Amino acid sequence: MFSPFQKRCLLYSMRIWGDDVGSLRVASGTIFNEVLVWKVGCKADPDVIGSLTEDLLHLTSHEGRQLPYQQYEAVNICKLIGHEGSIFRLAWSADGFKLVSVSDDRSARIWTLGANGSNHVVDSVLFGHSARIWDCYIFDSLIITAGEDCTCRVWGMDGTQLTRIREHVGRGIWRCLYDPDAALLVTAGFDSAIKVQHLQGLLSNGSEGGIVEVQDSTVQKEEFALYIPNFREHVGLLNSKSEYVRCLHFSREDSLYVATNNGYVYHAKLYDTEDVKWTELLHIGEEGPIVCMDLLSHCSDVTEDIENWIAVGNGKGTMVIARVVDDVLNPRVELTSTWSAEPERQLLGTYWCKSLGPKFLFTSDPRGTLKLWRLFNPLPSVSQDVMRRCCVSLIAEFRSCFGMRIMCLDASVENEVLVCGDIRGNLLLFPLQRDILFSMSTASEINISPFSNFRGAHGISTVCSISVASFGPTQLEIHSTGGDGCICYFEHDRSRHNLEFVGIKQVKELSTVRSIFTNADQQGDLPGSSCAIGFSSSDFIIWNLFSETKVLQVTCGGWRRPHSYFLGDVPEMKNCFAYVKDGIIYVHRHWVTTGERVMYPKNLHLQFHGREIHTLCFISQDSSCSLNEKQDIFSEMIWVATGCEDGTVRLTRYASEIENWSTSKLLGEHVGGSAVRSIFFVSRLHRMVLDENATPDSVNSEKGFLEDPEDLSLLISVGAKRVVTAWKQKSKMRIREGTFDPECNIRNDFQWLSTDMPTRERNHGKLQNNKKVSEMVENGGSLPSEDKRSYSEPCVPDKCENDWRYLAVTAFLVQVTGTRCSVCFVVVACSDATVTLRALLLPYRLWFDVALLTPLSSPVLALQHIIVPTYPPLQGNVRFGSRYIIISGSTDGSIAFWDLTEHVENFMRQLSAVQIRKGLDSQKRPRTGRGSQGGRQWRSLGSQVSNKITGDEQLLGVPVSKGKPDNGLCATTVPGTDKTVQDHTLRGISHLVEKTHAFSPDTFTGIKEVLHKAGPLDIFKDVHQSGVNCLHVSDIKGPEVSDSRFTFCVLSGGDDQSLNCLRLDFSLKSMRPGCESSTSEQHSTTGSLRVGGHVHYEVGNYDMRFALLDKVMSAHSSAVKGVWTDGCWVFSTGLDQRIRCWHLEQQGKLTEHKHMVVSVPEPEALDARACGRNHYQIAVAGRGMQMFDFVAPDDMKVGK
């Protein structure tokens, strides 16, 4: 059947309606802004035998036959004109008389077609979208449109917009579907999320307009207004004598406490019928209005019933506490106490602490003083009708070192710590001794000062809430929320008395995060009911942190109005919110009584980020596990770390039992949302032995060389704007019945460790002196002897500096025996054709530039490293490294090998000779762009360390400047570039500090670049005809491998669609008695390596041999983007959306065994893991993520 249309054009959309050929209608949208409607008709050709009905019967009885093309033709019945843009989507109504079209002109039109199709009219034109409309749906009198403005709109047939849904982010919503039976709306957008909405909760007047809804008596969603008892007596505007609400507090979903300016405290019982029962509880007096109120729900020790403790304070400084019982039916006050807590107008806040119970109360003043009051046993009353009174005494005063008002607090009795947050974003830790709390002595109050603090934890914004939890015998985990829209995570070590910043989460949907709700009964690795509660401009919002969906949004006028909220065990189904406006209390309550309800909205496929994923890697519990060992726990917990274009780093779990992605957790976001280009997981600690006389037995017998085993696992991510971020893996101990259960130590979690990006004054520009670079290459890749101690050149600022980005990263952990700190050496490749060896000093979070890998003629796209061990493994992930080799693949198709052993050893040797007193960046949080500190200061190691021999008088021959700070750090002054100072400066460190105090965060640091240079061992040109996109290294295990010989396989893939397999052999040179080993020499060449050829070098005590084993010219039909090998099997993927499995034979030849089609568009990264002797799991990422299982055949065992 051919459709003869006069103008040939591209059809953007098409929809078919009809159950048989006779009633078939076809609507198509053209790029000429028209909608063409067709029907199927019989040709009037006399040669055609049979009728339409007979042919239909004939076709029905013989399924599978095709209609003869001569029998039918397409008849154009009408042309719908009116749109001013291309038609993107069409939708037919159920009866076939109405058609909805959406267009590039940001409008939707409803067309009514006649019975024969020739007559048509435009019923309505729907305007409201601010961008192109991509999809539409029609059901009875309900129309749904979804557009590029990330909104989904519901319309009536008359063109009235019923509701607007905005749950997606990014560049629009592609598709929408509606299920009328369940009233469910499903949308899919550019953010790769599938959102499920319940229209019943979105449409306020569902019965109007014929909208279909699902009736459910178990859902209670109410919105009503309350008036305090004396409010209606005043007519007109409020004045100074009017009574109005000052404070609100929910105790239950149906119980609300209200405090007014006239000193009254009421209780409001909220019934399901929206009726309210008011009860007057207290009247403080009208001397001063009530300024603060707090509520504590506590289980009675006697009756085991819930009792509510109320604390209110007025402007005269008077405090009143009351115990209210039986607030469900008939609330009454059984216990009360009144006293003067502060002078007039000095009482600003009162706070209960849940961990301390109702026996202790805090009050705060404007000067940062926090008073702790203790409630003694109540005095007996003379009558049953008279309430009892209790005695209150002041036992301690906590004075802030910042002098700012305390806004929130929490305490840990077990760890004897009180944590407070003030109005300027600072956190303070006070000692809270048990003797002070539980001593019955009536001595005078004690003045307590903070023993630790964190300045600017939330920038200059108010700290809104604090939560303290124990996860170790001496460790506390602290969560704080603030007015900067961030959730900050801290750790406090009781033994060290320090407060360390460990993570941050910026909730972009909220400008102020008031608190965090977490269901304590939620089980699993990633709790699904963790919600952020706060405000965005004038709206109150409850945001699910796990599903990243909006639970509730109420326009209330902002957080400055009196408000209160209460959440049930499932916030999506149980939430209450009340606020005050114009003296009226408005209550929004959504309460589901059945525990089997399905929660809406839902969010699916969150692990796919929303934009293309550039990199991924498996997160292993123990990368050194033998393939013969059982990995039951690990096989159930497969985690994949991914980095995305939108700057997010996410941890996603793959459930093997259901063969699908189960949970996804956002670790964090790079500064400014800069794209993440590469990530690397490092879990092996390489122990360095600097003593040349050390023996394996003496090294293995040394104990206690690790201070913190958690530093062994790091995740390094790099990306645009030259941002490098380190995440530390933590396996948190869970407390079970008061003890730590080691069997529960299986939670895979990461916390932010450090973020580093260069300042404007520091520039990684290309070195300008090409002559000296060429001289270095001619001298074997090392600097001339006269410049060997240090080589510095001024860096010329580049106008394209903001466009530079890190393209690749590799890292390894090193520790010197006998030291208490470890170093993560990070090698990063920048788009300006530079590769830098950097060092992250742990646990102090100090960054240093160690060496610059040069020369490079083109940018490096891939990095890998090889560490040749000296001794066999000691335990677990601990290795002994001897040679540190870096492998780089460039855009010109070359592969280079660099020996960084000398630079690593020099840095570790200098580190072992100094004593670090305090880390400088432990009081830093990463930039968020919202009230944060931002930035960091670059310092040399000399400005943070003191020599063990000379003490504090001098630091490495540099005189100490006057005005030594009190933090125990030496501030140094480097006068110019004096040669004597350079001789005493720590070699291998990147920067010198000029006239800078070491610990002042506000001090500007002047920087002078001093970078050592490392030349290549060898550069193999033309390994690929174009860019080397990916590299992977694996050691080869075989009969020829021994303690003195190591073999590695280097696999590369490039834009030329080829795979290359190189082999590296390291063998110890034979040592004759009385002969010393030769020094390390670097022989830089730029030759080509052919298949079967080899190159030989002497590096230190090793003979190194390169050999190109095999080259597959057309491994893929497009560019190769990811490779992986374990020395036996090779997996590769490319833009042809294929995974190819290759077998690496003993002779080094690659033989393709199998290939699989990848569903993910534009694959960019691949990683694999061996989960059994012949079982592999392969993860591929691009515009999405997909997991594959590969099982090798029995006749191709590992090692055969």
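Reader: In strand β26, which residue is the bridge partner of T350, and what makes β25 and β26 a pair?

Author: The partner of T350 in β26 is T363, a statement that rests on a predicted model, in which local features need pLDDT of at least 70, side-chain atom pairs count only at pLDDT 80 or more, and totals for chains, interfaces and linings use all residues. Residues are numbered from 1 along each chain as its sequence is written, and side-chain values use heavy atoms, with hydrogens and water left out. Strands β25 (residues 349-352) and β26 (residues 360-364) are joined in the antiparallel sense by four bridges, and they are called a pair because DSSP has to find at least two bridges between them.

Reader: Why is β26 called mostly covered?

Author: Five of its five residues are buried, where buried means under 20% relative accessible area, exposed means over 50%, and partly exposed lies in between (1.4 Å probe, protein chains only). F360, F362 and S364 point one way from the strand, while L361 and T363 point the other way, and all are buried. In a regular strand the side chains alternate between the two faces of the sheet.

Reader: What makes a stretch such as β26 a strand, and how many helices and strands are there in the chain?

Author: Strands are DSSP runs of E with at least two residues, and helices are runs of H or I with at least four, both numbered from the N terminus. On that basis the chain has eight helices and 83 strands. Of its 1200 residues, 55% are buried.

Reader: Why is strand β83 described as largely enclosed by the rest of the structure?

Author: Six of the eight residues of β83 (residues 1184-1191) are buried, so the strand is largely enclosed by the rest of the structure. Its antiparallel pairing with β82 (residues 1175-1182) runs over eight bridges, and H1175 has V1191 in β83 as its bridge partner. The two strands form a hairpin with one residue between them.

Reader: Which strands lie at the edges of the open sheet, and what makes them edge strands?

Author: Five strands form this open sheet in the order β72-β73-β74-β76-β75, with antiparallel pairing. Strands β72 (1028-1035) and β75 (1094-1099) are its edges, as each pairs on one side only. Neighbouring strands are turned against each other by 20 degrees on average, direction ignored, with axes fitted as lines to C-alpha atoms and angles between N-to-C directions running from 0 to 180 degrees. At the β72 edge, seven bridges lead to the antiparallel strand β73 (residues 1045-1054), and H1032 stands opposite L1051 in β73.

Reader: What makes the set that includes F825, L837 and V904 a nonpolar core, and which elements supply it?

Author: The term covers buried Ala, Val, Leu, Ile, Met, Phe, Trp, Tyr and Cys residues joined through side-chain atoms within 4.5 Å. The largest such core has 34 residues, and those with the most contacts inside it are F825, L837, L900, V904, F907 and M908. At least two residues each come from β57, β58, β59, β60, β61, β62, β63 and α7, and the largest share, five residues, comes from β60. Leaving aside neighbours within four places in sequence, V904 is in contact (heavy atoms within 4.5 Å) with M688, F812, V814, F825, L837 and Y884. A second, separate core of 32 residues includes I478, W639, A641 and V649.

Reader: Why is D803 counted as exposed?

Author: Its relative accessibility is 53%, so D803 falls on the exposed side of the cut-off. D803 lies in the loop between α6 (770-778) and β57, and its C-alpha atom is separated by 6.8 Å from that of K721, 82 residues apart along the chain.

Reader: How do you know that C136 and C353 are in no disulfide?

Author: A disulfide is a pair of cysteine sulfur atoms within 2.5 Å, and the structure holds zero of them. For C136 the nearest cysteine sulfur, that of C176, is 7.0 Å away, whereas for C353 the nearest, that of C420, is 9.3 Å away. C136 is buried at 5% relative accessibility, and C353 is buried with a relative accessible area of 2%.
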